[in-house]
Amino acid sequence: MADYKTIRGVSTYEYEEKRSRFIATAAFADTEEKAVAHLNRVRAANRTARHNVYAYVLREGGRTRYSDDGEPAKTAGTPVLEAIGHAGLSDVIVVVTRYFGGILLGTGGLVRAYTAAASGALQNAELVTMRLVTDCSVTVPYPQFEQAQRIIAAADTRPAEPEYADAVTLRWRMPAGTEGPLCRALQELTRGAAQIHIGEPRYDAF
């Protein structure tokens, strides 16, 4: 399955247009429940705001949602959704809170302001690539520890700290479906004695 880009954590950006303040908050959300929870947090923190416009894109099922939250149709939620699409991101929600400054902006001004705010929050975010990965482990005797560690490090892996007991357990993460050559090398090293555990594939940053 294809890699995809998303953001890590939460990022914000503030934009002002004719005394109206547009505060955008972008967050990672890989389920509808997480997206709604982020929206509710922003709403709770901005109870006196005129509008809390939002859009989100979920990779699972290609689901998208957006709301103008009282702004004229297609002047708020749609620009926020298009900003996410332009950035090429999934599993993201962006909420743009507007504090009205007393001056009407018109449809063009609203589109421009919501686009600028949402785009700014996404540009401020830490981008990550999500890949289908698996967490693996192998336990080897101490005489084979360093060589096994070198074999794992030489592959396309993200090693974790070893665990030391009667033997050494090495743990690492790697792209799902690429485990074969590494497993064979570890089996050759241990003359078939290596007990290698390969976890269930899942999407994570890599």
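What follows is a working chat about helix packing, cysteines, backbone angles and single residues in a predicted model.

Reader: What sort of model is this, and how are the residues numbered?
Author: This is a predicted model, in which local features need pLDDT of at least 70, side-chain atom pairs count only at pLDDT 80 or more, and totals for chains, interfaces and linings use all residues. Residues are numbered from 1 along each chain as its sequence is written, and side-chain values use heavy atoms, with hydrogens and water left out.

Reader: Start with α2 and α3. At what angle do they cross?
Author: The axes of helix α2 (residues 77-87) and helix α3 (residues 106-124) cross at roughly 40° and come within 8 Å. Helices here are DSSP runs of H or I with at least four residues, strands are runs of E with at least two, and both are numbered from the N terminus. Axes are lines fitted to C-alpha atoms, for helices over the stretch in contact, and angles run from 0 to 180 degrees between N-to-C directions.

Reader: What do you call that orientation?
Author: Oblique, for α2 and α3. Angles under 35 degrees count as roughly parallel, over 145 as roughly antiparallel, 65 to 115 as roughly perpendicular, and the rest as oblique.

Reader: Is the crossing of α2 and α3 left-handed or right-handed?
Author: The crossing of α2 and α3 is right-handed. That term applies if the near helix is turned clockwise from the far one by less than a right angle, and left-handed if anticlockwise.

Reader: Which residues make the contact?
Author: On α2, Pro-79, Val-80, Ala-83, Ile-84 and Ala-87; on α3, Val-111, Tyr-114, Thr-115, Ala-118, Ser-119 and Leu-122. Contact means heavy atoms within 4.5 Å.

Reader: And by class?
Author: The contact of α2 with α3 has nine nonpolar residues, two polar and no charged. Ala, Val, Leu, Ile, Met, Phe, Trp, Tyr, Cys and Pro count as nonpolar, Asp, Glu, Lys and Arg as charged, and the others, Gly among them, as polar.

Reader: Now α4 and α5. How do they pack?
Author: Helix α4 (residues 145-154) and helix α5 (residues 180-189) have axes 10 Å apart and an angle of about 165°. The two are therefore roughly antiparallel to each other, and the crossing of α4 and α5 is right-handed.

Reader: Which side chains are involved there?
Author: I can give residues: Gln-147, Ala-148, Ile-151 and Ile-152 of α4 make the contact with Leu-182, Ala-185, Leu-186 and Leu-189 of α5. By class, the contact of α4 with α5 has seven nonpolar, one polar and no charged.

Reader: Leu-189 then. Is it buried or exposed?
Author: Leu-189 is buried, at 16% relative accessibility. Buried means under 20% relative accessible area, exposed over 50%, and partly exposed in between, with a 1.4 Å probe and protein chains only.

Reader: What does Leu-189 touch?
Author: Leaving aside neighbours within four places in sequence, Leu-189 is in contact with Gln-144, Gln-147, Ala-148 and Ile-151. Leu-189 and Gln-144 are 45 residues apart in sequence, yet 7.6 Å apart in space, C-alpha to C-alpha.

Reader: Different topic. How many disulfides?
Author: Zero. A disulfide is a pair of cysteine sulfur atoms within 2.5 Å.

Reader: Why is Cys-136 not bonded to Cys-183?
Author: Because the sulfur of Cys-136 is 6.4 Å from that of Cys-183, the closest cysteine sulfur, which is too far for a bond. Cys-136 is buried at 4% relative accessibility, and Cys-183 is buried at 15%.

Reader: What about Ser-137, where is that?
Author: Ser-137 is in strand β7 (residues 126-140) and is buried at 11% relative accessibility. Not counting residues up to four places away in sequence, the residues that Ser-137 touches include Trp-172 and His-197.

Reader: Backbone check. Which phi does Arg-19 have?
Author: Arg-19 has a positive phi of about 75° although it is not a glycine. Most residues other than glycine have a negative phi. Arg-19 sits in the loop between β2 (10-17) and β3 (20-28) and is exposed, at 57% relative accessible area.

Reader: And Lys-74?
Author: Phi of Lys-74 is positive too, near 70°. Lys-74 lies in the loop between β5 (63-67) and α2 and is exposed, with a relative accessible area of 64%.
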